[in-house]
Amino acid sequence: MGSFQSLPDDHQYRTLSQKTGFSLEQIAILHNRFKQLSQNEETLWRDDLKTIQDLESNPIRSQIIEAFFDSRNFQKDGVGSVEEIGFEEFLTVMSYFRAPPQNITVEQREEMRRAKLRFLFNMHDTDNDGTITLEEYRHVVEELLSRSGALGRETAKGIADAAMLEVASISVGPMAPDEFYEGITFEHFLKILNGVEIEMRMHIHFLNMDATVLCK
Amino acid sequence: MELKMFILVLGLLVGSLMPLGGASGSPGSGTGQDECKKNNGDEKNGNKTTKKSFPVLSLNYENVRLPFEISLWVLLASLMKLGFHLMPRLSSIVPESCLLIVVGLLVGGLIKLVGKAPPVLESNIFFFYLLPPIILDAGYFLPIRQFTENLGTILMFAVVGTLWNAFFVGGLLYGVCQLEGTNLAGVNLLSCLLFGSVISAVDPVAVLAVFEEIHINELLHILVFGESLLNDAVTVVLYHLFEEFTNAGTITVTDGFLGIVCFLVVSLGGIVVGAIYGILAAFTSRFTSHTRVIEPLFIFVYSYMAYLSAEVFHLSGIMALIACGAVMRPYVEANISHKSHTTIKYFLKMWSSVSDTLIFIFLGVSTVAGPHEWNWIFVVATLVFCLVARVLGVIGLTFVINKFRIVKLTSKDQFIIAYGGLRGAIAFSLVYLLNPKHFPMRNMFLTAIITVIFFTVFVQGMTIRPLVDLLAVKKKQETKRSINEEIHTQFLDHLLTGIEDICGHYGHHHWKDKLNRFNKKYVKKCLIAGERSKEPQLIAFYHKMEMKQAIELVESGGGSKLPSAMPSTVSMQNIQPKKPPQDRALPQLSKAREEEIRKILRTNLQRTRQRLRSYNRHTLIADPFEDGLDEILIKRKKMKELEKKISQMNNYLTVPAPPADSPSVARARLASDPQAWGLKSVTEIPTIKVELVSPQNPESVKVVDEFSKKGSQPKGSEEEGGLTMRVPSSEKQRKDKTPDEEPQPRFMRCLSDPGPAAEDEDEDEPFLP
């Protein structure tokens with residue numbers, strides 16, 4: 001975890017900017033937000049994120065919060081989750097949501113795409129075994145439908161089953177009845193989400209000017 | 001051969017059109033009246049004169065003249081459309097709109113030859129009858145997601161682009177008119193500006209006609225098409241503005257300012273009017289569950305009323321219609337039956353297609369008919385300026401827009417956008433509406449407009465397809481929406497909203513999420529009937545997909561080829577982890593009890609087998625399109641529920657899931673066992689085992705074939721049968737003829753189905769004493 005002095009250190013900002021790709025202004029704004037959320041402490045805890053009121057109505061709230069504390073997203077070969085994160089980790093996770101810059105090569109675009117999809121994959125693969133099992137996928141769908149009324153787990157199960165069947169049939173093709181499809185690997189995940197242009201859609205607009213609304 | 005017959009019929013039709021077109025009363029009616037009078041005269045004169053014989057056959061054309069002619073024109077238009085598709089080579093080179101204009105020219109020419117006056121495209125007819133179906137079709141099926149994502153760009157092109165075009169063309173034309181050597185000095189600035197504003201509007205009809213054939217990628221399609229729809233407001237405002245100014249004589253700054261206000265009123269007012277009618281339509285559709293037949297009527301009438309209401313106030317009718325269609329669609333689709341949905345879709349497509357054809361034909365006819373005044377310089381100048389203005393406008397605007405877009409518009413895109421700016425009948429009709437008193441050069445305008453329209457439709461329309469291929473512009477991808485994509489789209493939406501909240505600024509996703517939540521909480525409750533109002537989008541999508549698959553399955557008939565959408569190669573068994581045999585607190589069944597159970601089951605199966613024998617394949621296929629499809633799905637859910645219960649229970653009796661096969665077969669099964677839904681006791685096990693494979697039951701074999709996924713699979717009860725009670729002891733297997741020793745029953749799930757939320761506790765009874 002990086003240690004920041006209370007005054008923004010330009011040099012540290014520059015290293016972060018190089019690492020994550022944000023501009024210096026964006027980093028400053030995000031740092032302000034970080035300090036706001038962590039109540040001016042050095043590290044951020046899960047409870048700090050849980051205080052954001054707007055996040056309450058989000059059905060996948062817990063998964064989003066978990067993603068911030070998941071070492072796999074910190075671009076090192078991390079395993080497991082941590083209890084608290086510093087600004088560098090916060091920024092790293094945020095960097096997954098950057099828009100692709102205008103002139104990048106095809107390889108870079110593909111790399112960005114893989115990175116974003118990897119992030120999504122990690123969100124689903126909670127036990128970090130490299131595959132999204134049926135149970136994990138069911139959990140995803142249940143969470144998605146959790147706010148949407150009491151239609152019960154059966155519906156979510158049915159949808160998740162259908163989705164899983166689809167992945168299996170797309171990725172593996174015809175299977176004999178004894179074979180067992182372990183789960184969605186990262187490669188299969190890439191394949192099924194081929195139609196969705198992730199690098200175009202998975203981004204938010206990071207401001208260059210400070211217009212953050214005070215969190216409620 | 002076909003073609004020759006077709007041309008013959010066509011010739012006859014056109015031939016009949018001419019004497020009937022534009023003529024005054026034909027002699028036939030006269031004869032009829034004469035006869036009548038004569039008869040009356042006879043009556044009065046008494047019986048002295050010989051009575052004229054009763055007219056068995058008389059001709060009275062005047063009565064039916066108008067509807068007859070209209071029908072004849074519509075028939076001609078539709079036959080033309082048919083004809084073009086019979087000539088595949090031609091239709092691949094020339095877009096339909098061009099061919100239709102040529103046909104119009106021919107017909108107009110023929111009519112003129114005969115000496116009659118060809119009918120002109122009356123502006124009233126155009127605006128009130130021909131245009132609305134096309135716009136409603138476009139608005140109802142507008143892809144909302146892409147539209148709103150690109151709304152900024154579209155608005156920029158529509159508003160700023162059209163304004164730029166109008167003033168550029170108008171101004172430069174005025175400059176040209178002032179030049180020496182042309183006798184155009186009579187054209188004042190206002191007329192030029194009016195002309196410019198009319199001609200600069202991209203026409204939705206023409207764009208639709210051409211772009212639909214080239215299957216360009218969705219982004220470009222929505223950009224050009226959206227622009228053509230939204231620029232109507234600008235055109236309307238400018239048109240009325242300049243017309244008023246011409247009447248008024250003097251212009252002040254206030255007037256200019258009022259013009260801007262007028263623009264806002266016209267566009268926003270149109271949208272509000274449309275939205276109101278849309279909500280009314282959605283609300284009405286909530287109550288139509290008992291009168292399904294007239295559901296489509298409500299949609300059409302409300303939309304048309306929206307258009308007319310907007311026109312009353314000189315608001316933008318097109319925007320009203322688009323708003324109405326777009327607003328009512330999600331709610332109406334949740335309320336109306338599947339058949340109504342199909343009806344609406346096909347009626348809209350049919351009407352818009354006919355309208356579109358008629359418009360182009362009439363354009364051709366009007367060209368022959370209309371009073372023309374050809375002025376080389378004016379016409380050529382108009383054409384050149386239009387093209388230049390369009391190109392400059394697109395380039396300039398894209399430069400500005402690209403600063404704000406994530407997905408930038410490449411120069412290829414810009415070229416297509418500029419090239420796709422086709423003009424069409426709206427411009428023509430607007431000029432036609434001009435009052436010749438105020439605009440003495442109206443005929444010249446008409447000529448110029450027709451030339452521009454012809455140029456854009458013919459030259460640009462014909463060449464855009466090879467250009468698209470040449471430039472390798474991305475085409476539309478025909479991908480089927482998969483449930484995985486849907487799940488992840490929703491997931492992404494929530495994820496991005498969450499990240500935005502964490503970042504602390506209210507961005508695009510935040511507001512969209514807020515709108516969705518508002519929609520779900522308040523609006524849907526009002527406008528959607530019953531249970532559907534609480535259904536989240538994912539589930540609605542899932543049901544829709546299921547329905548589609550069910551219908552596809554039925555439509556593919558008994559063929560061995562199954563629709564590819566179904567993951568038929570993988571079954572539930574493949575993805576479900578093998579559960580370790582659970583040690584449930586099941587009492588060990590005594591031998592006697594077991595025997596009893598088996599006997600009961602056997603007798604039940606025998607009974608149902610007998611019942612089924614009377615059915616043959618044809619009676620099995622019920623109509624899947626009845627509204628009973630919903631009931632079937634509910635029933636299937638219950639079946640699945642039962643199956644789950646049973647499967648959890650035992651080692652002895654392994655029960656395969658009833659396959660989610662076609663509703664028709666399911667229905668037939670259920671029909672033969674009316675007590676199936678009781679689910680109360682052993683004897684009423686709902687899924688009848690549709691015959692095992694045995695030579696004496698050929699029908700059942702056929703049914704089996706329908707569902708055998710691969711030929712190599714052993715025929716057997718497990719595949720398509722209902723609950724096959726497979727008993728371990730071999731001597732009891734006489735009835736249950738299982739050809740192979742399948743270690744495990746197959747779980748075939750073509751369509752997975754969510755079970756019901758409620759648990760029926762009764763079903764536990766059967767196997768426990």
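Let me start with B:Val237, which in this predicted model sits in helix 11 of chain B, the helix that covers residues 218–248. Is this valine buried or exposed? Its relative accessible area is 6%, and since anything under 20% counts as buried, B:Val237 is a buried residue. If we set aside the neighbours within four places in sequence, the residues in contact with B:Val237 are B:Gly259, B:Cys262, B:Phe263 and B:Val266. Please look at B:Phe263 in particular, because that residue is 26 residues away from B:Val237 in sequence, while the C-alpha to C-alpha separation in space is 5.7 Å.

Staying with chain B, I would like to turn to a pair of helices, namely helix 16, residues 376–401, and helix 19, residues 442–470, whose axes are 9 Å apart and which pack at an angle of about 50°. Why do we describe these two helices as oblique to each other? An angle of about 50° falls outside the ranges for roughly parallel, which is under 35 degrees, and roughly perpendicular, which is 65 to 115, and so the word oblique applies. The crossing of helix 16 and helix 19 of chain B is, in addition, right-handed.

Which residues make this contact? On the side of helix 16 of chain B they are B:Phe378, B:Val379, B:Thr382, B:Leu383 and B:Leu387, and on the side of helix 19 of chain B they are B:Met444, B:Phe445, B:Ala448, B:Thr451, B:Val452, B:Phe455 and B:Gln460. Sorted by class, the contact between helix 16 and helix 19 of chain B has 9 nonpolar residues, 3 polar residues and no charged ones.

To place these details in the whole of chain B, the secondary structure comes to 29 helices and 0 strands, and buried residues make up 51% of its 769 residues. Of the contacts in chain B between residues at least 6 apart in sequence, 81% join residues at least 24 apart.

Let us now move to chain A, which has 10 helices and 4 strands. Read from the N terminus on, the elements of chain A follow the order α-α-β-α-α-β-α-α-β-α-α-β-α-α. Chain A has 216 residues, of which 52% are buried, and among its contacts with a separation of 6 or more, 58% come from residues 24 or more positions apart.

Next come the aromatic rings, for which a search of the whole structure finds 27 aromatic pairs over all chains. One of these is formed by A:Phe97 and A:Phe119, with 5.4 Å from centre to centre and 85° between the planes, an arrangement described as edge-to-face. This pair links distant parts of the chain, with A:Phe97 in the loop between helix 5 and helix 6 of chain A and A:Phe119 in helix 6 of chain A, 22 residues apart. A:Phe97 is buried, with a relative accessible area of 0%, and A:Phe119, at 1%, counts as buried too. Elsewhere in the list of rings, A:Phe34, A:Phe68, A:Phe87 and A:Phe90 form one aromatic cluster.

Finally, where does A:Glu143 lie? A:Glu143 is in helix 7 of chain A, residues 134–146, and its relative accessible area of 18% makes this residue buried, given that the cut-off is under 20%. Apart from neighbours within four places in sequence, A:Glu143 is in contact with A:Pro59, A:Ile60, A:Ser62 and A:Gln63.

Methods: Residues are numbered from 1 along each chain as its sequence is written. Chains are lettered from A and ligands numbered from 1 in the order in which they are written. This is a predicted model: local features need pLDDT of at least 70, side-chain atom pairs count only at pLDDT 80 or more; totals for chains, interfaces and linings use all residues. Side-chain values use heavy atoms; hydrogens and water are left out. Buried means under 20% relative accessible area, exposed over 50%, partly exposed in between (1.4 Å probe, protein chains only). Contact means heavy atoms within 4.5 Å. Axes are lines fitted to C-alpha atoms, for helices over the stretch in contact, and angles run from 0 to 180 degrees between N-to-C directions. A crossing is left-handed if the near helix is turned anticlockwise from the far one by less than a right angle, and right-handed if clockwise. Ala, Val, Leu, Ile, Met, Phe, Trp, Tyr, Cys and Pro count as nonpolar, Asp, Glu, Lys and Arg as charged, and the others, Gly among them, as polar. Rings of Phe, Tyr and Trp (its six-membered ring) pair if their centres lie within 6.5 Å; planes under 30 degrees apart count as stacked, over 60 as edge-to-face and the rest as tilted.
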